[in-house]
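Welcome to this structure. Here are some notes to read with the model open beside you.

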Amino acid sequence: MTQLVDPFDRAITYLRVSVTDRCDFRCVYCMAEDMTFLPKREVLSLEELDRLCSAFVRLGVRKLRLTGGEPLVRRNIMWLIDRLGRHLGSGDLDELTLTTNASQLAKYAQPLVDAGVKRVNVSFDTLDPDKFAAITRWGRYDKVMAGLAAAKKAGLHVKINTVALRGVNDDEAERLIDWAHGEGWDITFIEVMPMGDVGADRLDQYLPLSMLRGQLQQRYTLTDLPDRTGGPARYVRAEETGGRIGFITPLTHNFCESCNRVRVTCTGTLYMCLGQEDSADLRTPLRTSDDDGPLMESIHEAIGRKPRGHDFVIDRRQQKPAVGRHMSVTGG
Ligand code: SAM
Ligand code: SF4
């Protein structure tokens, strides 16, 4: 099968798959409290997700990330993860990983390791239990802490992802760094993105990471690292702790030229760019044919339309998100 290469000569080797739009949290920047979730028939079955991911692997994808919503609240999710683990065994896939809020990790850390998962990204914004409750609305701090402890015990590598929220957690950035590095984990700060109407004022939450970096330089000696992942993260080392700090600034264009990734929602909609609305329906070819031919064809055709870059902007006059879908649809 021909490998996936887009019109700008970028090889597509990284697929993020949202396995559910549901979540046990209601983070203020991600979801409204009264979210309406998709009817079951619209969501791909675990078998369909396996077929879809496996088709991408045959087309040259080397890294798969499961996300959501919260991937670990999907019923029977370990069946899918175990199935996908076969591509690690065969050498067709380099990495199978997840982005999770850690609420279910106490239960799943060991089974994940057994399936071949080596690392997970854990979204975690504050060490203050009251703030944690305010940010996640429905999250249980003690459960997340138990999940992180289970990950450590199982030997699962953790990277902490923290959304930088002005006036909410910017005063604890150093505490979060010291904590994460003390545990032996990298920590990455993410600039809040204008996605989906969540009923909050984005401009109030927005904290440019250049400002955060300036703040951190008062405390740490930061050395730029060359590590690039093809994504929007830049890394530095804090000499005082020896740990890595990442900065993800999706509102800037500076990473698009090396973009190696595409995203699929839990309904089988392929988004070629996180910041653009253009998409392709992969559910129809999945459901209308047992043969993977039409599916592969649809994937190729869509990659042929992958845009050069994105159009993110927080519209200051309209206060409307530039991209209407919620982050829980494409999973970040
Ligand atoms: N539930 C999982 C979790 O929280 O890790 C996976 C899905 S979540 C949508 C993926 C990532 O998107 C999380 O790190 C979350 O913090 C981030 N995210 C959600 N909404 C965002 C927004 N508006 N701006 C920036 N990051 C956002
Ligand atoms: Fe759920 Fe993750 Fe969104 Fe929070 S960021 S509401 S944990 S999907």
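The numbered points below go from the whole chain to the two ligands, and then to some single residues and helices.

1. **What you are looking at.** Please keep in mind that this is a predicted model. The protein chain is built with eleven helices and twelve strands. It has 332 residues, of which 58% count as buried.

2. **Contacts and surface of the chain.** Of the contacts in the protein chain with a separation of 6 or more, 73% are made by residues 24 or more positions apart. The accessible surface of the protein chain is about 14300 Å², and carbon and sulfur atoms hold 49% of that surface.

3. **The shell around ligand 1.** A good place to begin zooming in is ligand 1, which has 18 residues around it. The closest of them are Y29, G69, T99, S123 and M193. Sorted by class, this shell holds seven nonpolar, eight polar and three charged residues.

4. **Polar atoms facing ligand 1.** Two distances involve a nitrogen atom of the ligand: a backbone N or O atom of G69 is 3.0 Å from a nitrogen atom of ligand 1, and a polar side-chain atom of E70 is 3.2 Å from a nitrogen atom of ligand 1. On the oxygen side, a backbone N or O atom of T100 lies 3.2 Å from an oxygen atom of ligand 1. How much of ligand 1 does the protein bury? Taken alone, ligand 1 would expose 550 Å², and the protein buries 95% of that. The elements giving two or more residues to the shell are β3 (95-100) and β6 (186-191).

5. **T99, one of the closest residues to ligand 1.** T99 is found in strand β3. Is T99 buried or exposed? Its relative accessible area is 13%; since the cut-off for a buried residue is under 20%, T99 counts as buried. The side chain of T99 makes a polar contact of 3.1 Å with the side chain of R65. Leaving aside neighbours within four places in sequence, the contacts of T99 are R65, L66, T67, P71, N121 and S123. Of these, S123 also belongs to the closest residues around ligand 1.

6. **The shell around ligand 2.** Ligand 2 is surrounded by C23, F25, C27, C30, M31, G69 and N101. This shell divides into five nonpolar and two polar residues, with no charged residue. You will recognise G69 here, as it is also listed among the closest residues to ligand 1.

7. **Helix α3 and its buried face.** In α3 (residues 105-114), the buried residues are L105, Y108, A109 and L112. Why do they line one face of the helix? Seen down the axis of α3, these buried residues fall within an arc of 125°, so they share one face. As background, an α-helix has 3.6 residues a turn, so residues three or four places apart point the same way. The other side of α3 carries the exposed residues A106, K107 and D114. The cover over the buried residues of α3 includes α2 (77-89), β3, β4 (119-123) and α5 (141-154). Just after α3, G116 has a positive phi of about 105°.

8. **Helix α4, for comparison.** Which residues of α4 (residues 129-136) are buried? They are K131, F132, I135 and T136. Down the axis of α4 they fall within an arc of 115°, so they too line one face of the helix. The exposed residues D130 and A134 are on the face turned away from that buried side. The buried residues of α4 pack against α5, an element that also helps to cover α3.

9. **The two ends of α4.** At the start of α4, a side-chain oxygen of D128 comes to within 2.8 Å of the backbone nitrogen of D130. After the helix comes R137, with a positive phi near 60°.

10. **L222 in strand β7.** L222 sits in β7 (residues 222-225), and it counts as buried at 14% relative accessibility. Its C-alpha atom is separated by 6.4 Å from that of E239, although L222 and E239 are 17 residues apart along the chain. Not counting residues up to four places away in sequence, L222 touches R213, L216, Q217, V236, R237, A238 and I245.

How values were computed. Residues are numbered from 1 along each chain as its sequence is written. Chains are lettered from A and ligands numbered from 1 in the order in which they are written. This is a predicted model: local features need pLDDT of at least 70, side-chain atom pairs count only at pLDDT 80 or more; totals for chains, interfaces and linings use all residues. Side-chain values use heavy atoms; hydrogens and water are left out. A residue is near a molecule or strand if one of its heavy atoms lies within 4 Å of it. A polar contact is a pair of N or O atoms within 3.5 Å; within protein, one must be able to donate a hydrogen and the other to accept it, and residues adjacent in sequence count only if both atoms are side-chain atoms. Accessible areas come from the Shrake-Rupley method with a 1.4 Å probe; for residues, only the protein chains shown count as cover. Helices (H or I, at least four residues) and strands (E, at least two) are DSSP runs, numbered from the N terminus. Ala, Val, Leu, Ile, Met, Phe, Trp, Tyr, Cys and Pro count as nonpolar, Asp, Glu, Lys and Arg as charged, and the others, Gly among them, as polar. Buried means under 20% relative accessible area, exposed over 50%, partly exposed in between (1.4 Å probe, protein chains only). Contact means heavy atoms within 4.5 Å. The arc is that of the directions from the helix axis to the C-beta atoms.
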